[in-house]
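Please open the structure in a viewer and keep the selection tool at hand. The tour below proceeds stop by stop.

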Amino acid sequence: MTPAVEFKDVTKRFAGAASPALDHVNLTIQPGELVCVLGTSGGGKTTLIKLINRLHDPDSGTVLVNGRDVSTIDPVTLRRGIGYVIQQTGLFPHMSVAKNIACVPTILGWDRDRIDARVDELLNLVHLDPAVFRDRYPAQLSGGQQQRVGLVRALAASPDLMLLDEPFGAIDAITRASLQDELLRIHRDSGKTFIFVTHDVTEALKLGTKVLAIDEGRIQQYAEPDELLAHPATPFVRELLACQGYTRDGRRG
Ligand SMILES: Nc1ncnc2c1ncn2[C@@H]1O[C@H](COP(=O)(O)OP(=O)(O)OP(=O)(O)O)[C@@H](O)[C@H]1O
Ligand SMILES: [Mg+2]
């Protein structure tokens, strides 16, 4: 099977930085995985995501999506095929919820009826009544509702790959748990590849088919959640688990 995403010896260094943001990263993500990228602040999680959709380009090495070197793909074309959700949701404030969700389908030239049906389908998917929410503006939504709209906007044209960079930040625990459940269901039903950044160990263990622990630009471990808990590969992973209350036998202390 062609990997959904591959990093081959990828290094990214920002101007003036003492050490690279990503340092000789090698990684293979198979289609259909829900990879949770886990690490502390500044570890390189967002950089990793942005190298996939070419918001950054590597200094050396190759990033491949579906077997194709992304440096050979026009960035706009590439991004149209990749769903992207950022922490601040990035909704367009002057556009209604429906218009926000319809963005990529509109660019792709879908007809009006198909777009309308898709918007309703997606709002229902995250339990927002289309009759109530279609015509609202982002400022008229709660934080959790905005994050739901941000999530389904990225799903609108059914991309094969979804990149989610801490999409559920700044949200109360109950809303966050229900968003996580919705994301799990959407991932299961779609069969697509999801890469989800979080600094929350519990979230990563709950959501991930795989967890990618990353620190100081280097991969610390790429493993299934149970394996990570049972056999943390580096002192960083051990400390990350311990700091968030996970004991050696995998139970929360
Ligand atoms: N545009 C940039 N210019 C210069 N340095 C940058 C830039 N973007 C990121 N960095 C640096 O690269 C390193 C990795 O940053 P990155 O944003 O990938 O971290 P992160 O793991 O996403 O952190 P957080 O959890 O805080 O979002 C950091 O040291 C950061 O300061
Ligand atoms: Mg980040």
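In which sense do strand β1 and strand β4 pair, and over how many bridges? Select residues 5-12 for β1 and residues 60-65 for β4: in this predicted model, the two strands pair in the antiparallel sense over 5 bridges. Within this pairing, phenylalanine 7 has valine 63 in β4 as its bridge partner.

**The sheet of four strands**

Next, extend the selection to β2 and β5. Together, 4 strands form an open sheet with antiparallel pairing, in the order β2-β1-β4-β5. At the edges are β2 (22-29) and β5 (68-69), each of which pairs on one side only. Now add helix α1, residues 45-52. This helix lies across β1, β2 and β4, and runs at about 120° to β1.

**The sheet of six strands**

Keep α1 selected and turn to the other sheet. Here, 6 strands form an open sheet whose order is β6-β7-β8-β3-β9-β10 and whose pairing is mixed. The edge strands, each pairing on one side only, are β6 (82-86) and β10 (218-223). From one strand to the next, the twist averages 15°. Helix α1 packs on this sheet as well, where it touches β3 (34-38), β6, β7 (161-165), β8 (193-198) and β9. The direction of α1 makes about 150° with that of β8.

At the β10 edge, select β9, residues 210-215, which pairs with β10 in the antiparallel sense over 5 bridges. Alanine 213 can be found there opposite glutamine 221 in β10.

**The largest pocket**

Which residues are the closest to the centre of the largest pocket? Select Arg79, Ile82, Tyr84, Val104 and Arg153, which hold that position among the 24 lining residues. The volume of this pocket is about 570 Å³. Two or more lining residues come from each of α2 (75-80), β6, α4 (103-107) and α7 (143-155); β6 gives the most, with 5 residues. Colouring the lining by class shows 15 nonpolar, 6 polar and 3 charged residues. Colouring by domain shows that domain 1 (1-81 + 159-253) and domain 2 (93-158) each supply at least three residues to the lining.

**The second largest pocket**

For the final stop, select Val65, Asn66, Gly81, Asp160 and Leu161. Of the 18 residues that line the second largest pocket, these are the closest to its centre. This pocket has a volume of about 290 Å³, and its lining consists of 8 nonpolar, 7 polar and 3 charged residues.

Terms used. Residues numbered from 1 in each chain as written. Chains lettered and ligands numbered in written order. Predicted model: local features only at pLDDT ≥ 70, side-chain atom pairs only at ≥ 80, totals over all residues. Heavy atoms only, no water. Pairing = 2+ DSSP bridges. Axes fitted to C-alpha atoms, helices over the stretch in contact; angles between N-to-C directions. Contact = heavy atoms within 4.5 Å. 1 Å grid on protein atoms, 1.4 Å probe; cavity = no way out; pocket = protein on both sides within 12 Å on 5 of 7 lines; lining within 4 Å. Points joined across faces, edges and corners; volume = space filled by probe spheres on them. Nonpolar A, V, L, I, M, F, W, Y, C, P; charged D, E, K, R; others polar. Domains from an automatic or database assignment.
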